[in-house]
Amino acid sequence: MEKTFYITTPIYYVNDVPHIGHAYTTIACDVLARYKKERGYKVYFLTGTDEHGQKVEKAAQANGETPLELADRVVKRFQSLWEKLNIDNTDFIRTTQERHKKAVEEIFRRIEAKKDIYLGEYEDWYCTPCETFWTEKQLLDGNCPDCGRPTDKLREESYFFRMSKYQDALLEHIEKNPDFIQPRTRRNEILSFIKEGLRDLSISRTTFNWGIPVPGNDKHVIYVWFDALTNYISSLGFPDDPDGNFKDFWPCNVHVIGKDILRFHTVYWPTFLLAAGIPLPEKVFAHGWWTVEGQKMSKSLRNVVEPNMLVDKYGVDAIRYFLLREVPFGLDGDFSHTALVHRINSDLANDHGNLVSRSTAMVNKYFDGVLPQPGADEEVDTELKQIFNNAVATVDQHMNNLAFNKALQAIWELVSAANKYIDDTAPWALAKDDSQKERLGTVMYNLLEAVRLIALYTAPFMPETGAKVLALLGDSEESDVTDVRFDWGGLKPGTKITKSKPLFPRIETE
Ligand code: ME8
């Protein structure tokens with residue numbers, strides 16, 4: 001049976017334009033999706049936009065447009081940014097699409113049929129920016145405990161989901177599946193939240209219109225989180241096409257999210273699914289939060305980092321690399337131009353870029369650009385091969401743990417090993433001695449093979465650079481990506497090797 005892999009980003013609200021935080025999550029998912037493809041998996045990678053709810057309705061009103069006009073406009077901003085960042089998603093879901101609406105209605109009906117949805121009355125404090133209800137007790141000085149902004153007292157008729165009924169089942173699931181919520185600190189946070197007791201959840205609103213009407217009672221619209229979370233199955237063709245993508249890809253392998261929306265994904269979503277009789281996702285991974293030059297990103301501080309501008313200035317691969325290399329996935333991080341420039345100059349221009357230029361230049365100088373046949377191994381060659389062979393499992397383990405920075409560290413150990421191999425074998429000295437021609441050929445072969453493997457490893461992170469380097473080595477068939485390509489010895493002697501231009505020009509700083 002074919003190996004499959006399903007990965008999702010959150011669907012982003014259209015009341016805000018995309019910034020570096022959104023780009024971060026989406027790039028991380030793209031990297032893992034590309035990596036799994038390289039490893040021979042059939043991959044489904046989903047992203048999209050969350051277009052309903054009061055927040056979007058209010059933003060549209062403020063702009064003097066309809067919510068759908070706003071959504072149509074902002075969705076283009078997201079889609080063009082993903083294109084610019086080389087995001088290779090399988091589908092893009094919008095919650096205003098008919099296919100999504102059908103899925104939301106169906107899951108609502110299923111839960112209602114089980115008598116786990118009932119009509120009641122609500123009185124609580126509502127934070128509109130967070131689209132969340134709070135009890136009086138949960139408020140901090142009368143404000144939202146999550147974002148600190150003021151809340152409004154709301155009393156309304158509402159449909160409720162019997163979330164309390166699923167408390168024990170959810171606890172048991174989390175306890176039996178230690179990897180369900182990652183990282184571990186997040187898991188502990190959710191465990192103690194559930195142990196405090198789950199209340200029934202209000203899942204409809206009557207105070208505004210912008211949403212999917214409750215089946216059979218269009219005075220109510222369905223709560224935006226009930227609506228939004230369903231995107232993860234509506235994209236797969238649930239409920240109309242149970243034998244297609246839904247069968248192949250559900251349950252999802254990993255929902256990647258920011259830590260801000262952990263509770264929705266690890267309490268609400270799994271209990272909805274339990275009630276609807278649908279299997280739970282395998283894993284929810286919550287990454288950390290980016291600040292900018294030490295400060296929280298906010299429109300009022302005018303410090304929102306605009307990804308389009310960064311790409312124009314530094315190039316797409318440098319941005320993708322930096323975001324995943326700089327901060328362990330799961331921890332908070334700070335974005336600074338100094339740190340970015342430092343990474344570009346040292347890791348990319350110096351370590352990786354120089355390796356590729358020196359290697360391709362030498363094979364051109366000594367062998368007219370035709371890859372020689374390797375001869376017998378010396379100790380230094382065996383060591384190099386061993387380092388590369390060991391990396392296959394190490395990198396794979398880090399990628400499966402979404403430890404992108406560790407995977408990159410392991411890959412850069414390969415870069416260092418290859419650079420050290422050049423110093424140790426001193427090809428320029430071998431070239432001066434005709435009797436060492438065969439030895440020089442072995443060194444060149446091993447070096448270029450190392451460059452090929454590094455290109456394969458870096459390609460999910462830096463697709464343009466990866467493809468560029470592989471093309472220099474006469475390998476342009478990106479489609480031919482299978483596990484075997486990670487074995488040592490894939491380059492064919494006799495291949496024409498093109499001399500590389502600098503991959504990453506150094507950025508001059510004052
Ligand atoms: O919450 N640092 O959408 P949203 C890191 N529509 N990541 C950040 C970030 C930052 N400073 N800012 C945003 C929603 N993110 C809902 C989701 S899912 C069914 C519905 C990223 O537009 C991070 O992934 O507010 C966070 O979880 C997401 O954007 C929130 O996007």
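**Exercise 1. Classify E51 by its relative accessible area, then work out what its salt bridge with R94 connects.**

Step 1. At 0% relative accessibility, E51 is buried, where buried stands for under 20% relative accessible area, exposed for over 50% and partly exposed for the range in between (1.4 Å probe, protein chains only). The model is a predicted one, in which local features need pLDDT of at least 70 and side-chain atom pairs count only at pLDDT 80 or more, while totals for chains, interfaces and linings use all residues. Residues are numbered from 1 along each chain as its sequence is written, and side-chain values use heavy atoms, with hydrogens and water left out.

Step 2. R94 is buried as well, with a relative accessible area of 15%.

Step 3. The side chains of E51 and R94 form a salt bridge with an N to O distance of 2.6 Å; the term requires a side-chain nitrogen of Lys or Arg within 4 Å of a carboxyl oxygen of Asp or Glu.

Step 4. R94 belongs to strand β3 (residues 91-94) and E51 to the loop between β2 (42-50) and α2 (54-63), so the pair ties together parts that are 43 residues apart in sequence. Helices (H or I, at least four residues) and strands (E, at least two) are DSSP runs, numbered from the N terminus.

**Exercise 2. Describe the salt bridges D423 to R358 and D424 to K420, and state what each pair spans.**

Step 1. D423 and R358 meet through their side chains at 3.5 Å, N to O. D423 lies in helix α15 (residues 404-425) and R358 in helix α13 (residues 337-367), so this pair ties together parts that are 65 residues apart in sequence.

Step 2. D423 is partly exposed at 48% relative accessible area, and R358 is partly exposed at 31%.

Step 3. D424 and K420 meet at 2.9 Å, N to O. The two residues are four apart in helix α15, which means that about one helical turn separates D424 and K420.

Step 4. D424 is partly exposed, with a value of 45%, and K420 is also partly exposed, with 48%.

Step 5. For the wider picture, the count comes to 29 salt bridges. D30, R34 and R320 are linked in a network of such bridges.

**Exercise 3. Characterise the surroundings of the ligand: which residues are closest, and which polar atoms of the ligand pair with Y13, T25 and W290?**

Step 1. The ligand is surrounded by 23 residues, and the closest are I11, Y13, T25, D50 and D260. A residue counts here if one of its heavy atoms lies within 4 Å of the ligand.

Step 2. By class, this shell has twelve nonpolar, nine polar and two charged residues. Nonpolar covers Ala, Val, Leu, Ile, Met, Phe, Trp, Tyr, Cys and Pro, charged covers Asp, Glu, Lys and Arg, and polar covers the others, Gly among them.

Step 3. β1 gives the most to the shell, with four residues.

Step 4. An oxygen atom of the ligand lies 2.7 Å from a side-chain N or O atom of T25. An oxygen atom of the ligand is 2.9 Å from a polar backbone atom of Y13, and a nitrogen atom of the ligand is 2.9 Å from a polar backbone atom of W290.

Step 5. The protein covers 94% of the 680 Å² of accessible area that the ligand has on its own. Accessible areas come from the Shrake-Rupley method with a 1.4 Å probe; for residues, only the protein chains shown count as cover.

Step 6. The elements that give two or more residues to the shell are β1 (4-13), α1 (20-38), α7 (224-229) and α8 (231-234).

**Exercise 4. Is H265 buried or exposed, and which residues does H265 touch?**

Step 1. H265 lies in helix α10 (residues 262-276) and is buried, with a relative accessible area of 1%.

Step 2. Leaving out residues up to four places away in sequence, H265 touches W225, L229, Y232, H255, I257, P270 and V284, with contact taken as heavy atoms within 4.5 Å.

Step 3. A polar atom of the H265 side chain lies 3.0 Å from the backbone oxygen of I261.

**Exercise 5. Locate the cis peptide bonds that precede P239 and P251.**

Step 1. The bond from F238 to P239 is cis, with omega near 0°, and P239 lies in the loop between α8 and α9 (245-249).

Step 2. The bond from W250 to P251 is also cis, with omega near 0°, and P251 lies in the loop between α9 and β12 (254-258).

Conventions. A polar contact is a pair of N or O atoms within 3.5 Å; within protein, one must be able to donate a hydrogen and the other to accept it, and residues adjacent in sequence count only if both atoms are side-chain atoms.
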